[in-house]
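Work through the exercises below with the structure in view. Each task is followed by its solution.

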Amino acid sequence: MTTLTFAEASAHSGGDLRYLPAGHGEVLDLSTCVTRSGPSPLALAAAAAFDPSSLTVHPYGADDRFRTAYAAYLGVDARQLAVTRGISEPLSVLASLLPAGRSAALTPDYTGTIRRWARHLPPAPDERDCVDSRVRRLDAAMRHYAYVVFSNPNNPLGLTVPRDVLAELLSRHPRCTLVVDEAYVDYMGDRRQSAMTLPHRNLAVLASPGKPLGIAGTRTGVLWTPDDVLRERVARRLPEWPLSAYDAHVACAALQDTAWIASALEEAREDARRLEAVLVRCFGDAVVTGVPVHYRFVYDERPERLHAHLLADGIATRLLVDDEPGRVRGLRVLAPGSGELARLEASLNAFVR
């Protein structure tokens with residue numbers, strides 16, 4: 001572990017442990033945000049049964065099959081979906097498409113968002129973000145910008161602006177289009193909380209089954225919007241075959257495993273509640289609590305120390321430092337399974353002692 005540099009650790013996204021030196025051994029990876037119990041049985045069976053002969057031709061219709069399956073899961077009109085490779089692709093397309101001077105991102109946020117949008121809307125200096133603060137910044141931003149981008153639930157804090165508040169903001173600012181990254185909305189346990197259920201045309205939502213269904217390796221996702229013009233502009237920037245045959249095959253099977261999905265997400269929420277209790281005992285009000293996601297954030301002015309301590313015990317977390325705009329210092333920790341929590345708790349107890 002002595003060759004580890006924290007610049008490398010903080011630069012890598014969650015789940016990317018390539019910064020670790022060779023021979024680091026087995027690691028409990030709590031740096032990612034993918035459902036730990038995935039993929040589902042149906043997804044695994046589909047992967048095993050994939051017909052390799054389909055690799056010899058282009059994936060004709062793969063995007064249409066996925067669009068139909070995901071629209072049914074989301075409860076939306078399939079015609080309002082542009083199929084994309086995860087959420088990162090539409091973020092990139094929108095960043096290149098939308099006028100930079102009239103667009104902004106509410107921060108802190110996902111790494112891909114803060115790096116693609118130059119104009120950031122952070123909380124006040126030395127202020128810890130909260131839902132009320134985020135709502136005030138959204139309100140002000142939507143008055144001044146034509147496009148505002150943010151994740152909801154937020155990555156990395158987990159803070160979530162309620163659906164009815166978003167509806168009020170969208171009605172108040174009809175000339176601003178709100179782009180909502182909903183990578184983690186499934187963990188709320190009720191898809192009716194999604195912004196996709198709102199009737200406003202000045203709204204675009206990015207979604208993917210990759211993390212909640214435990215299939216992040218399949219690069220599947222969508223941009224949903226009732227704005228036909230915006231959706232068409234994005235679609236024209238996408239490749240002719242947005243999904244591979246394998247990605248669509250596995251994702252469509254995973255979306256059918258509804259009983260497993262409900263059980264896995266409830267298990268993740270319960271794991272997160274147990275994790276929160278442990279973290280609060282160790283770090284008190286440095287923990288962002290009461291958020292409807294499967295991870296928790298711990299504020300720390302020197303998070304490198306805790307990150308290194310946990311890594312020495314074979315536990316990887318997401319290290320965040322303010323080495324670039326849009327960041328906040330601390331650790332994001334995925335909730336371990338019930339059988340893994342004791343290992344994390346023992347390491348944390350040793351650190352605080």
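The exercises concern a predicted model and go from the whole chain to its aromatic rings.

**Exercise 1.** State how many helices and strands the chain has, and decide how its radius of gyration fits its length.

Solution. The count gives 12 helices and 12 strands. For 353 residues the globule rule gives 20 Å, and the radius of gyration of the chain is 20 Å, so the chain is as compact as a globular protein of that length. The C-alpha trace spans about 55 × 55 × 35 Å along its principal axes.

**Exercise 2.** Find what share of the residues is buried and what share of the contacts joins residues 24 or more positions apart.

Solution. Of the 353 residues, 57% are buried. Among contacts with a separation of 6 or more, 73% are between residues 24 or more positions apart.

**Exercise 3.** Describe the accessible surface and the charged side chains of the chain.

Solution. The accessible surface is about 15,100 Å², and carbon and sulfur atoms hold 52% of that surface. There are 40 positive and 42 negative side chains. The centres of these two sets lie 4 Å apart.

**Exercise 4.** Classify the ring pair of Y184 and Y187 as stacked, tilted or edge-to-face.

Solution. A search of the whole structure gives 8 aromatic pairs. In the pair of Y184 and Y187 the ring centres are 6.4 Å apart and the planes stand at 45 degrees, so the pair is tilted. Both Y184 and Y187 are buried.

**Exercise 5.** Name the residues that ring pairs link into a cluster.

Solution. The cluster consists of F66, Y70 and Y73, linked by ring pairs.

Notes. Residues numbered from 1 in each chain as written. Predicted model: local features only at pLDDT ≥ 70, side-chain atom pairs only at ≥ 80, totals over all residues. Heavy atoms only, no water. Helix = DSSP H or I, 4+ residues; strand = E, 2+ residues; numbered from the N terminus. Rg over C-alpha atoms; globule rule 2.2 N^0.38 Å. Buried < 20%, exposed > 50% of the residue type's maximum accessible area, 1.4 Å probe, protein only. Contact = heavy atoms within 4.5 Å. Areas by Shrake-Rupley, 256 points an atom, 1.4 Å probe, with all protein chains shown as cover. Lys, Arg positive; Asp, Glu negative; His and termini not counted. Charge placed at Lys NZ, Arg CZ, Asp CG, Glu CD. Phe/Tyr/Trp six-rings, centres within 6.5 Å; stacked < 30°, edge-to-face > 60°.
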